[in-house]
Amino acid sequence: MEKKGLTLAEQESIKSQEGGVTMRRKSRRYGACQKIKTKTTRLKRIQDLFWRDDTFYSSKRDGDVQGNHEETVPEDARIPSEKNKLSKKEKSRTILPQLNDNAISNGNDDSKDAALGVEYNFGGRLRLKRIHDSPHVYTIDNFLTDMELSKLREKIRIADKEKMFNKSIVDGGDSSGKKRKRKRKESAEEVNPENDANVQRTSTFVQFGKLSNSLIAAIERKAADLLCMPNHSIEPLQLVRYSRGQFFHDHHDMGMLFEDGSVELPNKTAMTPPRRLVTILVYLNDMPNDDCGGSTHFPLLNRHENDSDIGQEGLSIRPKKNMAVVWCNIKKDGTPDERLVHRGETLHGDDDTVVKYAMNIWACEE
């Protein structure tokens, strides 16, 4: 039963309390939860973009990836089988087109980093540039059209004026990551920007209704077409805002992150949030300078020459207006890819005008 006055994200968070696991502790159920997987055989575009030439899957440590997991995967943990007939429109979106013959490579094919800088185009306006190998991470410049970006900025202006931004929450609880029911909706003014050790996330957000208007419908359709997935697999879009001093500590978009680095994939039930297979993070504005923070940081990934935070380990991506970052949250065998743990760095600045806006687009399991 829907709870009136709460956003979809808040309803999903409250429902997810049924799991009974406290976030960020050591997972006692880690071994058992590995059997709960997402079936990946129908994710043709995702296979091509993220797994096809990833050396991780050719190594001995992942030798069972090619095996048959049918007997170990619970029925409720699978994507619907091929026996379930799709509409003609959905079928057309699951056909994997060939990579554009004009794909550009900036390296020697025999080099370990040969694929870095390669651009992929599937016949549309968008071009994906690979910035990290194993796991594959991409960026897309000019993800939104000028008209879409202009309309979104107007929505941001209205949301700021009407104080529509709400305190962000994490899956399974409130901003502290604890599993407890939120007593009421909190406004942006009630967010404490101080770096409290017990606080996991201090950003604010606005959730758009599914297909709520032509702009939102167009962006949802763009993401669905990019990944060759049906439109209903795109979770309602989320606009996020980071003001000075705000952050989002280490987390994983697919499930619960624990202190031992494991990620628990939630059971697939009507009471749990959808499983986020792919993340498309779209930055809506530039940062005023290199020292203001606000980068998206992947601590377990390798660095590359365009990293903005020289003193840190891992991969750090500085926000750039209308640039999207795309990554896959699951491995080829359907389990969460723990390498994609990331965080939103604290935003610094000399005054309160420093702000970061971004849009979360998640493609979810059907």
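This is a short talk on the main sheet of this structure and the helix that packs on it.

Keep in mind that the model is predicted. Start with the whole chain. It has 366 residues, and 53% of them are buried. The secondary structure comes to six helices and 15 strands. Now contacts. Take those between residues at least 6 apart in sequence: 73% join residues at least 24 apart. The accessible surface is about 18200 Å². Carbon and sulfur atoms account for 47% of that surface.

On to the sheet. It is open and has nine strands. Read across, the order is β1-β2-β3-β13-β10-β15-β6-β5-β4. The pairing is antiparallel. Which strands stand at the edges? They are β1, residues 119-120, and β4, residues 166-167. Each has a single partner strand, so one side of each lacks a neighbour in the sheet.

One helix to point out here is α3, residues 44-51. Helix α3 packs on the sheet and touches β2, β3, β10 and β13. Its direction makes about 100° with that of β13.

Now look at β10, residues 276-283. Is this strand enclosed or open? Eight of its eight residues are buried, so β10 is largely enclosed by the rest of the structure.

What flanks β10 in the sheet order? On one side is β13, on the other β15. Seven bridges join β10 to β15, residues 355-364. Five bridges join β10 to β13. Both of these pairs run antiparallel.

Finish with one residue, T279. In β15, its bridge partner is W362. In β13, T279 stands opposite W327.

Key. Residues numbered from 1 in each chain as written. Predicted model: local features only at pLDDT ≥ 70, side-chain atom pairs only at ≥ 80, totals over all residues. Heavy atoms only, no water. Pairing = 2+ DSSP bridges. Helix = DSSP H or I, 4+ residues; strand = E, 2+ residues; numbered from the N terminus. Contact = heavy atoms within 4.5 Å. Axes fitted to C-alpha atoms, helices over the stretch in contact; angles between N-to-C directions. Buried < 20%, exposed > 50% of the residue type's maximum accessible area, 1.4 Å probe, protein only. Areas by Shrake-Rupley, 256 points an atom, 1.4 Å probe, with all protein chains shown as cover.
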